[in-house]
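User: Hello! I am new to this one and would like a close look at a single part of it, please.
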There are 2 protein chains.
Amino acid sequence: MGQAMEHKTRNAFYAQSGGVTAVINASACGVIETARRYRQHIGTVYAGRNGIIGALTEDLIDTSQESARDIARLKYTPGGAFGSCRYQLPGWEDQPAPYARLLEVFKAHNIGYFFYNGGGDSQDTAWKVSQIGARLHYPIVCVGIPKTVDNDVPLTDNCPGFGSVAKYVAIAMREASLDVASMAKTSTKVFVLEVMGRHTGWITAACGLARQKASDPPPILLFPEIPFEAKTFLAYVRHCVEKYNYCTIAVAEGLRDQQGAFVSESGLRDVFGHAQLGGVGPVIAHFVHQKLGYRYHWAVADYLQRAARHIASATDVEQAYRLGEAAVTLALQGKNAVMPTIERISHKPYTWRVGVAALQDVANREKMLPREFISRNGFSITAPCRAYIQPLMHGEAYPPYKHGLPDYVRLKNIAVPKRLATAFTV
Amino acid sequence: MGQAMEHKTRNAFYAQSGGVTAVINASACGVIETARRYRQHIGTVYAGRNGIIGALTEDLIDTSQESARDIARLKYTPGGAFGSCRYQLPGWEDQPAPYARLLEVFKAHNIGYFFYNGGGDSQDTAWKVSQIGARLHYPIVCVGIPKTVDNDVPLTDNCPGFGSVAKYVAIAMREASLDVASMAKTSTKVFVLEVMGRHTGWITAACGLARQKASDPPPILLFPEIPFEAKTFLAYVRHCVEKYNYCTIAVAEGLRDQQGAFVSESGLRDVFGHAQLGGVGPVIAHFVHQKLGYRYHWAVADYLQRAARHIASATDVEQAYRLGEAAVTLALQGKNAVMPTIERISHKPYTWRVGVAALQDVANREKMLPREFISRNGFSITAPCRAYIQPLMHGEAYPPYKHGLPDYVRLKNIAVPKRLATAFTV
């Protein structure tokens with residue numbers, strides 16, 4: 001009986017992958033808190049230090065050494081509490097070695113549940129790991145948990161991480177627009193904000209929500225989906241400045257020209273003549289100044305936008321937590337190779353429920369911004385886009401403060417003693 | 001009797017000047033709400049549209065047309081609600097015309113109180129206007145109200161606007177450091193944040209408060225007061241990355257090299273070979289990458305930092321309001337050519353009171369960051385600096401939200417009918 005129980009109780013592995021977000025730790029919190037409620041099935045949650053690399057190198061973190069209070073604090077702490085990684089597993093056929101290694105580590109630590117918290121690329125890794133059971137005859141249930149600020153994971157209405165970055169950039173644009181409006185008479189007339197988004201314009205679209213009233217100038221949005229056309233753009237900037245006395249521009253880092261080249265690489269050269277990577281914001285601002293003569297300011301939000309837990313969306317935090325929780329309940333039901341999703345039931349009032357997708361259908365696919373979410377002129381969002389994004393930004397979930405700063409948790413992250421004699425290099 | 005009353009009741013002029021802040025409207029709120037409590041002395045508060053330019057061009061805003069509720073909402077709205085300007089009055093001797101014009105406008109609108117809300121440059125304008133009474137035999141009481149994110153106004157312990165930007169940049173650095181710490185294993189190891197500060201390092205110093213624990217890497221601070229020395233800097237970056245696996249760097253826009261030239265102008269050239277103005281953040285990030293090979297990210301906060309009312313310091317909001325209030329009570333006491341100040345009584349607990357300085361002593365002087373606030377190696381802040389800045393960031397004064405965004409007020413800003421036949425061009 002005791003042995004049967006022992007056999008049934010297996011440990012879980014949880015890891016974070018890819019670029020982190022303001023709420024990825026809320027998903028971790030959902031996983032760990034839920035697993036702790038099912039101790040008869042799940043022994044310890046081991047976190048991978050730096051994503052799947054922690055599994056491959058047997059660098060596991062014992063989350064049972066963290067207090068309930070500290071685990072609860074993950075819900076309001078940005079970044080990846082256990083470290084993340086940019087690493088993709090090779091194909092089974094090309095390179096079986098990493099899979100054999102994972103099997104060794106899983107066996108050595110009695111790991112029967114595998115949770116991988118990441119974007120589309122990371123779900124490919126989760127999908128590959130989910131095949132270990134069938135291919136290597138080792139019982140493991142593998143569940144992906146979606147995460148990305150880019151909102152490009154398919155088969156989920158939206159992705160945890162996006163609502164908070166959307167809220168951040170919309171607030172930043174609104175606040176900066178009040179600033180430039182004050183300065184426009186004698187100084188700055190054009191403000192440019194560069195936001196994340198290599199391929200998809202979801203974050204750029206969120207900047208469109210900064211517009212408060214029809215009497216405010218429309219933020220001019222430069223989407224990665226719409227090839228940059230200088231003449232139309234300049235005419236629109238001039239129109240806005242002449243009509244409203246100032247204008248604001250949001251530009252995606254991945255903006256491309258008519259030939260498909262990144263605009264960020266077209267403008268600036270360092271002193272050695274190398275193209276400057278990043279920085280499409282300053283390129284656009286300089287270009288406007290050169291052609292139209294307006295004084296400008298520009299900002300590049302970079303990590304600030306995806307780390308801004310201080311102003312995270314309460315909806316986003318809740319969804320991140322619920323998907324972590326759902327991943328555990330799916331795993332306990334024995335559902336292998338799946339990912340919990342967000343299904344929108346209604347826009348107004350906004351209601352949603354947890355759904356499920358197959359990892360195989362999620363991996364390596366990007367959900368693009370639909371063309372009908374972009375205005376005909378290509379510089380604004382449409383009413384359906386606003387209706388889609390607005391509820392995702394709803395609510396404030398403020399962290400506690402200490403000495404004027406958010407009191408974010410730093411876990412102890414104590415390593416599990418290694419059991420394998422062999423090392424593995426990634 | 002009625003006439004005597006009429007004679008005693010005079011109107012006030014209030015205007016905003018220079019770069020705006022997250023809390024300058026809280027000072028406006030303090031002025032207008034206090035003036036409304038003294039209707040027997042102060043008739044209407046006219047706001048200058050775009051600073052002193054509004055007075056010169058007789059473009060006055062009738063704030064009595066705004067509801068008490070909307071005036072109260074100024075307390076949590078960033079930017080300059082009436083428009084600001086970058087404009088300095090010429091010297092009396094060089095050009096008497098603007099003063100004659102101001103006199104005309106003041107007479108036409110029975111303006112007996114003049115409030116000017118700005119930094120050191122703007123207090124010079126306030127000082128010049130305060131001489132109208134004696135020189136042109138027109139009774140006017142002129143009071144300055146300090147405002148600047150740069151914290152460089154002298155004779156006040158700190159300046160409204162600074163506490164909020166300090167809080168913003170310290171939070172941004174802390175959040176970004178959690179992000180880069182997560183990514184460092186396989187990706188970004190160095191994060192650079194460019195902050196405001198052409199001449200003084202107060203904002204850069206505030207970034208130093210991001211450090212939570214001694215076990216965290218110290219944020220490397222590049223102050224405008226400390227000439228940039230590449231070798232020492234690179235050695236320190238390498239030391240931090242080797243010890244902690246990552247590092248964060250805050251750099252002031254006004255960082256200069258050993259020859260006194262702006263570092264922002266030394267690095268990048270546009271395609272035509274012109275120096276790129278602004279952008280010392282990317283220059284430093286590229287330089288680190290070139291010399292040490294580390295992967296990097298950089299952000300430029302620009303207007304976001306000074307417009308970030310969503311995370312303003314409650315202490316700062318309170319002080320901005322109180323100085324607006326104090327300006328009115330000083331004016332009612334007939335104190336001409338003064339500016340209310342903040343006097344620190346104690347660090348811990350932090351207590352302060354309102355003091356008074358003479359405008360003549362304030363105008364055109366900058367309060368530099370004391371050398372003893374900077375560590376010996378030049379890259380960190382000292383304990384006294386931390387003790388000075390920390391209370392100024394204390395407390396959160398969240399604005400109300402609507403549809404996921406701060407519900408900032410836009411005033412009606414209705415123009416007062418012009419009474420003068422003549423125009424004035426600035």
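Is A:Cys247 buried or exposed, and what is its relative accessible area?

Analyst: Happy to help! This is a predicted model, where local features need pLDDT of at least 70, side-chain atom pairs count only at pLDDT 80 or more, and totals for chains, interfaces and linings use all residues. Residues are numbered from 1 along each chain as its sequence is written, chains are lettered from A and ligands numbered from 1 in the order in which they are written, and side-chain values use heavy atoms, with hydrogens and water left out.

A:Cys247 is buried, with a relative accessible area of 0%. Buried means under 20% relative accessible area, exposed over 50% and partly exposed in between, using a 1.4 Å probe and protein chains only.

Next, its sulfur. A disulfide is a covalent bond between the sulfur atoms of two cysteines; here the cut-off is a pair of cysteine sulfur atoms within 2.5 Å. Over all chains, the structure holds zero disulfides. A:Cys247 is therefore in none, and the nearest cysteine sulfur, that of A:Cys240, is 5.5 Å away.

B:Cys142 makes a useful companion. The closest cysteine sulfur to that of B:Cys142 belongs to B:Cys85, 14 Å away, which is too far for a bond. B:Cys142 is also buried, and its relative accessible area is 0%.

Rings add to the picture of chain A. Ring pairs link A:Phe228, A:Phe233, A:Tyr236, A:Phe287 and A:Phe379 into a cluster. Rings of Phe, Tyr and Trp (its six-membered ring) pair if their centres lie within 6.5 Å; planes under 30 degrees apart count as stacked, over 60 as edge-to-face and the rest as tilted.
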